[in-house]
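Here's a protein to look around in together. Take a moment to turn it about, then work through the questions below.

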Amino acid sequence: MDTPRLLRSADYDRLGQDRRKLATLHHRGEIVRIRRGIYVRSNEWNGLQPKEQYGLRALALAQAAENEPVFCHATAALLWGLWIVGVPQKLHSVTEVATSGRSTCSVVRHVGSLSKGVRQSGPFLLTDKLTTTLQLVSTFSFPYAVAVCDSSLHLPENRGIVNQFTAPGVNTAGHMPRWETDCPQGPALSVDELRAGAGLLRSKAARKRVLAVIDFASGLSGSAGESLSRAKMLQLGFPAPVLQKRFALRDGSDAFVDFWFEEQQVVAEFDGMGKYLRSDWGGGLSLQARIIAEKQREDQIRAHGVGFTRWDWKEMMNRDRLTYILRQAGLPQI
């Protein structure tokens with residue numbers, strides 16, 4: 001779906017039209033106000049995914065601001081495809097100490113540089129991948145920080161838009177980047193880059209906390225659900241798994257499993273239902289055929305004489321339920 005056109009009251013004034021028409025349309029429910037003086041048609045707004053609606057709010061701020069904003073934190077994370085759970089409630093942008101911009105009910109301001117480490121993606125300026133990652137890792141709790149850090153180390157897949165970032169000033173205004181993506185964008189960071197960046201943090205406690213996340217992180221994680229699962233396993237006292245263990249299947253293909261516990265001979269997988277619904281997963285098979293193929297894959301892995309367990313989002317987010325699943329699979333808990 002193409003990006004909806006924003007209706008701005010300032011444009012009505014410039015063209016000599018009565019801006020009160022927008023108020024009338026808003027009252028009728030024909031348009032939605034996404035920012036003061038900026039609207040979009042209701043049918044177009046309702047056709048967007050939540051992250052796409054968030055992106056349109058960012059575009060409205062960029063067009064309404066007197067000075068072009070530099071997005072950071074969770075807003076920049078969505079453009080970088082970093083693994084944050086859910087959709088942020090507010091937009092996040094950079095302010096320099098000298099300007100002392102204030103946070104509002106819709107925008108959170110973070111002190112930083114408006115020029116150093118800034119990239120451009122379409123009409124948006126945003127903090128670079130390293131800065132964005134360290135901001136989130138510094139503020140998120142351990143499991144969510146691990147998900148972000150894992151994704152920053154994760155090599156982009158072909159289905160992502162890996163070349164959508166340029167230096168500021170390059171004319172990319174006609175290109176609208178994707179907000180609805182779970183694929184990390186741009187070159188993967190290295191552990192050395194992350195550790196060097198963490199070393200520049202002012203607070204000793206923050207450095208220690210961030211380095212603990214970096215040391216635990218892995219670019220082998222395949223999704224936010226896998227990263228959260230691994231972090232929660234650590235917190236619950238279960239052994240650390242091997243990631244992406246390869247099993248040769250009898251049909252001649254290879255299967256790479258999420259978690260492998262060598263000592264217990266147990267395979268474990270996070271079962272994010274989204275993979276069954278993605279058009280780029282499953283080789284174009286129908287939903288029913290994908291589920292059957294996944295069942296056959298599991299049976300062929302079990303044929304190696306190993307245990308197999310899996311869980312979904314709801315079970316992973318429930319501490320007691322996840323503990324029960326892991327213990328039932330034969331994993332020891334310290």
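**A walk through the fold**

In the protein chain of this predicted model, residues 24 or more positions apart account for 61% of the contacts with a separation of 6 or more.

Q: How many helices and strands does the secondary structure of the protein chain come to?
A: Let's start with the basics: the chain has 334 residues, and 46% of them count as buried. Its secondary structure comes to 14 helices and twelve strands.

Q: What is the mean pLDDT of the protein chain?
A: pLDDT is the predictor's confidence in each residue, from 0 to 100. In this chain, 87% of the residues reach 70 or more, and the mean is 88.

Q: Over which residues does pLDDT stay under 50?
A: Where pLDDT is low, the predicted coordinates should not be read in detail. Here that caution goes with a stretch for which the model has 14 contacts beyond four places in sequence: residues 158-162.

Q: Is Thr127 buried or exposed?
A: Thr127 is found in strand β8, which covers residues 124-127. Leaving aside neighbours within four places in sequence, Thr127 is in contact with several residues, including Val70, Phe71, His73 and Trp80. Its relative accessible area is 5%, and the cut-off for buried is under 20%, so Thr127 is buried.

Q: How far apart in space are Gly186 and Lys129, C-alpha to C-alpha?
A: Gly186 is found in the loop between α7 and α8, and at 2% relative accessibility Gly186 counts as buried. In sequence, Gly186 and Lys129 are 57 residues apart, but in space the C-alpha to C-alpha distance is 8.1 Å.

Q: Which residue forms a salt bridge with Arg230?
A: Side chains of opposite charge can pair when their charged atoms come close. For Arg230, the closest N and O atoms of the pair are 2.9 Å apart, and the partner is Asp150. Arg230 lies in helix α10 and Asp150 in helix α7, so the pair ties together parts that are 80 residues apart in sequence. Both ends are buried, Arg230 as well as its partner Asp150.

Q: Which strands hold Glu269 and Arg310?
A: Glu269 forms a salt bridge with Arg310, with the closest N and O atoms 4.0 Å apart. The pair links distant parts of the chain, 41 residues apart: Glu269 sits in strand β11 and Arg310 in strand β12.

Q: Which helix holds both Arg302 and Glu298?
A: Arg302 forms a salt bridge with Glu298, the closest N and O atoms being 2.9 Å apart. Arg302 counts as partly exposed at 37% relative accessibility, whereas Glu298 counts as buried at 12%. The two lie four residues apart, about one turn of the helix, and that helix is α12.

Q: Which residues are joined into one network with Arg302 and Glu298 by salt bridges that share partners?
A: The structure holds 13 salt bridges. Those that share partners join Arg302 and Glu298 into one network with Glu269, Asp271, Glu294, Arg297 and Arg310.

Q: How many disulfides does the structure hold?
A: Take two cysteines: Cys105 is exposed, with a relative accessible area of 72%, whereas Cys149 is buried at 0%. A disulfide needs a pair of cysteine sulfur atoms within 2.5 Å. The count for the structure is zero.

Q: What accessible area do Val85, Trp313 and Met317 have together?
A: Trp313 lies in helix α13 and counts as partly exposed at 32% relative accessibility. With Val85 and Met317, Trp313 forms a nonpolar patch on the surface, and together they have about 260 Å².

Technical notes:
Residues numbered from 1 in each chain as written. Heavy atoms only, no water. Buried < 20%, exposed > 50% of the residue type's maximum accessible area, 1.4 Å probe, protein only. Patch = residues over 30% accessible without salt bridge, like charges linked within 9 Å, V, L, I, M, F, W, Y side chains within 5 Å. Areas by Shrake-Rupley, 256 points an atom, 1.4 Å probe, with all protein chains shown as cover. Salt bridge = Lys/Arg side-chain N within 4 Å of Asp/Glu carboxyl O. Contact = heavy atoms within 4.5 Å.
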